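Let's take a friendly walk through a protein model together. Keep the structure open beside you as you read.

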Amino acid sequence: MKKMVAGKMLIIGTAVLTTLFFMGSAAMAGDYPDKPIRMIYPFPAGSGGDISTRILADAASKVFGEPVKVSNVTGGRATIGAAKVARAKKDGYEIGSLPIGPAVTQPIFSGKLPYKTEDFAPICQFTYLPIVLAANADAPFKTTKELIEYAKAHPGQVKYAHPGLGTVPYMMMSALEKSAGIKLKGVPFKGLRPGVTAAVGGHVEIALSVAAGAVGFQKAGKLNILGVFAGERMKLMPNVPTMDEDGVKDYPMLWTGIFAPKGTPAPVLKTLEAGFSKAVKEQKFIDAMTKAKMPILYLDSKAFKAKIDNDIKYFKAYKTEKMKK
C-alpha cells in the first residue's frame, strides 16, 4: 500500500514539475526579451565581422524593443568567446555572433577545446566575408584561367600564401587545386594580411585577401584580383568573375551566424529567429551593410543547420584524408 501511495506521489510530483517547466518556458517566451541581450563576438572590435555584427545588433534592438549589446570576448583564436557562448545561461540573454572558424573548423581540428559545434543552437546566418584570389602584379597570369594554365605547365612551382592548414582560406585553395587538377605550393602565414603583404612583395605569387583590402592594392598597381570566392559577383568589383564561373567548385565560405547555447527553450529560439529575420529586412540594416561593403546572406535556422552539417562533413573528410597520408 505504501509503495502504491509513494508511486502515485512520484507520478503527481513529476507531472507538477513538468507542468511548471512548460509554464516557465511559455512565460519566458511570452515575456522574452524584457531586458538587454548580450551578443558575444569573438574577435576584436573594428574587424569586418565585428562591424556587421554591430549593424545587425542595432537593427535587432529596434525589433526586439530591448538593446542588443555587442561584447568582444577575444583570445584563443576566437575560441574563448565561442566557449563562453556554449556555456552561457540557456535563457536567450547571452548569445553569440560566430564565424565558421570557432563554430565549426576549430572544434574539428583543435581537438582540445572545451566545447564542440553541437553545443550551439543555430539561429540564423546573416553574412559572409568575401575572399578574393589576388596575384602579384608581375605574375605571368592575370586571370584564374591563366593561373590554371600556368600551374599545369609548372606543377608545384606557383607559391600561394595561406593562414594555416585546415583554415577556410586554405580549403578554398585546396578546392581550386582539386577542381582545376593542378598542384600549387602553399606557404603558411599568421593570417591573411601577412600573406597579402608577401604577395605584394613578390615572395609568393598569389594570396587570398578580404575583398575590400585587395582593391586598394589593385588600384595602386601592386596586385591583380583574379577571382572572388562568392556565389555572385560583387558590386565592389563587378568585372571580377566568381571562382564558380572559372570552374572552381565545392569550396567553404567564411560565414558568420547567430547562435544560442544548446538547450535554450524552443520558444525563445523562435523569438530570436523571427526577430533577426525581420531585422535583416530593415532598410537601415541593408543600407549600413552596403556602406560597409558587407554582403547580406540570410539563412533561417533550418537552412543554416543544414549548411553547418555539410561543412562538418566537408572538414572531417579532409581531416581523415590528411591523416591517411
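We begin with a pair of strands. Strand E1 (residues 37-41) and strand E2 (residues 68-72) run parallel and are joined by five bridges. One of the pairs to look for is arginine 38, whose bridge partner in E2 is lysine 69. Between these strands you will find helix H2 (residues 48-64), and E1, H2 and E2 make a right-handed β-α-β unit. Please keep in mind that this is a predicted model.

E1 has another neighbour to explore. With strand E3 it pairs in the parallel sense, over three bridges. Here methionine 39 has isoleucine 95 of E3 as its bridge partner. E3 also pairs with strand E10, this time in the antiparallel sense and over four bridges. In that pairing, serine 97 stands opposite isoleucine 258 of E10.

The three pairings can be set side by side:

| Strands | Sense | Bridges | Example pair |
|---|---|---|---|
| E1 and E2 | parallel | five | arginine 38 and lysine 69 |
| E1 and E3 | parallel | three | methionine 39 and isoleucine 95 |
| E3 and E10 | antiparallel | four | serine 97 and isoleucine 258 |

How many of the six residues of E3 are buried? Six of the six, in the stretch from 94 to 99. In a regular strand the side chains alternate between the two faces of the sheet. In E3, Glu94, Gly96 and Leu98 point one way, while Ile95, Ser97 and Pro99 point the other way, and all are buried.

Now step back to the whole chain. The protein chain has eleven helices and eleven strands. Of its 325 residues, 48% count as buried. Take the contacts between residues at least 6 apart in sequence: 77% of them join residues at least 24 apart.

Next, look for empty space. Rolling a probe the size of a water molecule over the atoms shows where empty space is left. The largest pocket has a volume of about 1,300 Å³. It is lined by 41 residues, and the closest to its centre are Phe43, Leu129, Gly191, Leu192 and Leu254. Which helix gives the largest share of the lining? That is H4, with six residues. Other elements that each supply at least two residues include H2, which you met in the β-α-β unit, and E10, the partner of E3. The residues of the lining divide into 22 nonpolar, 16 polar and three charged.

Finally, a few places in the backbone deserve a visit. A cis peptide bond joins tyrosine 32 and proline 33, with omega at about -10°. Proline 33 lies in the loop between helix H1 (2-31) and E1, so you can find this spot by following the chain back from the strand we started with. Two residues other than glycine have a positive phi. Alanine 78, in the loop between E2 and helix H3 (79-86), has a phi near 80°. Lysine 293, in the loop between helix H10 (283-291) and strand E11 (296-299), has a phi of about 60°. Is each of them buried or partly exposed? Alanine 78 is buried because its relative accessible area, 2%, is under 20%. Lysine 293 has a relative accessible area of 44%, which lies between 20% and 50%, so this residue counts as partly exposed.

Key
Residues are numbered from 1 along each chain as its sequence is written. This is a predicted model: local features need pLDDT of at least 70, side-chain atom pairs count only at pLDDT 80 or more; totals for chains, interfaces and linings use all residues. Side-chain values use heavy atoms; hydrogens and water are left out. Two strands pair if DSSP finds at least two bridges between them. A crossover is right-handed if, with the strands pointing away from the viewer, the path from the first strand over the helix to the second runs clockwise. On a 1 Å grid over the protein atoms alone, a cavity is a set of points where a 1.4 Å probe fits but cannot get out, and a pocket is an open set with protein on both sides within 12 Å along at least five of seven lines; lining residues have an atom within 4 Å of a point. Grid points are joined across faces, edges and corners, and a volume is the space filled by probe spheres set on the points. Ala, Val, Leu, Ile, Met, Phe, Trp, Tyr, Cys and Pro count as nonpolar, Asp, Glu, Lys and Arg as charged, and the others, Gly among them, as polar. Buried means under 20% relative accessible area, exposed over 50%, partly exposed in between (1.4 Å probe, protein chains only). Contact means heavy atoms within 4.5 Å.
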